[in-house]
Amino acid sequence: MVSLKQSLKSFLQKLDNKSRSIYFLTQGCCSIEVDNLCSSNYDLQRLGYTIDIDDPREATVLIVSGWINPAFAEKIKEVYSQISGDKAVIAVGACSISKSPYVDENGLKLTDVLPVDIYVPGCPPRPEAIIEAIRLLEKTKENRETSKIIYGAIRELG
Amino acid sequence: MSIVKRVEANDSWYMPAIFKGLGITFKNMVLNLVGKREMITLNYPEEKYEYSPRFKGSHILTVKKDGSIRCTACMLCATYCPAECITIKAAESEDPTVEKFPISYEIDTLRCVYCGFCEEACPVDAVRMGPEWQMPGINGANFVYDIKQLARRPQLKGGIVSVVDEEERHKAGI
């Protein structure tokens, strides 16, 4: 009976695996660190995340980095509206979190454009910090709407 | 004079070249499996990259030998900071040998660019850049680090003692 329970649990968790596909909207010097994640040094596909996505409709997680001007903000909104299901946004680097690395009035914050789930501070942050951010997202994922039903069922199994 | 090179028989047959390429791939796969060479890929959560001691990570406020904070609230770091992320509130100390000390020393890590200018500007070795890289957090988490987190977080194991000593400083006339 115990093994049946565990197999049911793992099956339910696999149903919620959709949030493992990531769409990158990166510019600036943080994009070098994010590209390093996808390369052979820190292989993200090794951890089970899909990164070779051309269409934002297939993705559920959006990673934004770099300096945001009004023209880029419109493109971010366009991409965010195309992402399906439970959306999550990760802001990488000081530019996208708080206008620009240095004090001036130009640019936009990402929080002015979208609701941001996770911040990764740093200029630029380490690739490990971005991996930690994606793993943090999975911990917070239990509170999302569609996955509430699945995790509720897992809890009832005990 | 232009020479038109015609396709020879060896070039038109593409199958040998495919097997040659697959042979190189298979050779590399076997060598990687046997473990004769080091893999570039870092298996992050299991093994961790060793950064150099000069790495600029999250900040550390050093302490004196008796355990109080080394910072004298001279505001040099807050003035020099290009991102203006440091806010210091100074106060007068009851101890006659200490001129002033910071009541609150806060660093906004969302604004900070980890340039290390505060470490360069500090005359008494009160601020250092630590070895830990900056941690991500959920929206709404605490990103403004105060004295408790900067000087006495559990990774520091009770605080790091500053190089500059108060009595030696007075003897030298600084």
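## A two-chain predicted model

A:Val79 touches A:Tyr23, A:Leu25, A:Pro56 and A:Leu62, leaving aside residues up to four places away in sequence. The model is predicted. A:Val79 is a good place to start reading chain A. This valine sits in helix α3 of chain A, which covers residues 70–82. Is A:Val79 buried or exposed? A:Val79 is buried, with a relative accessible area of 12%. One of its partners is far off along the chain: A:Val79 and A:Leu25 are 54 residues apart in sequence. Their C-alpha atoms are separated by 8.8 Å.

### Chain A

How many helices and strands does chain A have? The count is 7 helices and 4 strands. Read along the sequence, they follow the pattern α-β-α-β-α-β-α-α-β-α-α. The C-alpha atoms of this chain fill a box of roughly 60 × 30 × 25 Å along the principal axes.

Chain A has 158 residues, and 47% of them are buried. Take the contacts in chain A with a separation of 6 or more: residues 24 or more positions apart account for 75% of these. The contact between A:Val79 and A:Leu25 joins residues 54 apart along the chain.

The chain exposes about 8,000 Å². Carbon and sulfur atoms supply 51% of that area. Chain A carries 19 positive and 21 negative charges. The mean positions of the two sets are 7 Å apart.

### Chain B

Chain B has 6 helices and 6 strands. From the N terminus on, they run α-α-β-α-β-β-α-β-β-β-α-α. Helices therefore come in pairs at both ends of this order, going by how helices and strands are assigned as runs.

What radius of gyration does chain B have? The value is 29 Å, whereas a compact globule of 174 residues would have one near 16 Å. The C-alpha atoms of chain B fill a box of roughly 95 × 50 × 40 Å, again along the principal axes.

Of the 174 residues in chain B, 34% are buried. Among contacts in this chain between residues at least 6 apart in sequence, 69% join residues at least 24 apart. Chain B exposes about 12,400 Å². Carbon and sulfur atoms supply 57% of this area. The chain has 22 positive and 23 negative side chains. The centres of these two sets lie 9 Å apart.

### Cysteines

How many disulfides does the structure hold over all chains? The number is 0. A:Cys123 is in no disulfide, and the nearest cysteine sulfur, that of A:Cys29, is 5.5 Å away. A disulfide needs two cysteine sulfur atoms within 2.5 Å, so the 5.5 Å between A:Cys123 and A:Cys29 does not qualify. A:Cys123 is partly exposed, at 29% relative accessible area.

In chain B, B:Cys81 is in no disulfide either. The nearest cysteine sulfur belongs to B:Cys85, 3.7 Å away. That distance is also outside the 2.5 Å cut-off. B:Cys81 counts as buried, at 14% relative accessibility.

### Backbone details

A:Cys123 returns here. Its peptide bond to A:Pro124 is cis, with omega near -15°. Where does A:Pro124 lie? A:Pro124 is in the loop between β4 (118–120) and α6 (127–140) of chain A.

Chain B has two residues to note for their phi angles. B:Ala73 has a positive phi of about 55° although it is not a glycine. B:Tyr114 also has a positive phi of about 55°, and it is not a glycine. B:Ala73 is found in the loop between β1 (59–61) and α3 (76–80). B:Tyr114 has its place in the loop between β3 (100–108) and α4 (117–121). Both residues are buried.

The table sets out these two residues with the other sites described above.

| Residue | Relative accessible area | Class |
|---|---|---|
| A:Val79 | 12% | buried |
| A:Cys123 | 29% | partly exposed |
| B:Ala73 | 0% | buried |
| B:Cys81 | 14% | buried |
| B:Tyr114 | 8% | buried |

Key
Residues are numbered from 1 along each chain as its sequence is written. Chains are lettered from A and ligands numbered from 1 in the order in which they are written. This is a predicted model: local features need pLDDT of at least 70, side-chain atom pairs count only at pLDDT 80 or more; totals for chains, interfaces and linings use all residues. Side-chain values use heavy atoms; hydrogens and water are left out. Helices (H or I, at least four residues) and strands (E, at least two) are DSSP runs, numbered from the N terminus. The radius of gyration is taken over C-alpha atoms; the globule rule is 2.2 Å times the number of residues to the power 0.38. Buried means under 20% relative accessible area, exposed over 50%, partly exposed in between (1.4 Å probe, protein chains only). Contact means heavy atoms within 4.5 Å. Accessible areas come from the Shrake-Rupley method with a 1.4 Å probe; for residues, only the protein chains shown count as cover. Lys and Arg count as positive and Asp and Glu as negative; His and the chain ends are not counted. The place of a charge is taken as NZ of Lys, CZ of Arg, CG of Asp or CD of Glu.
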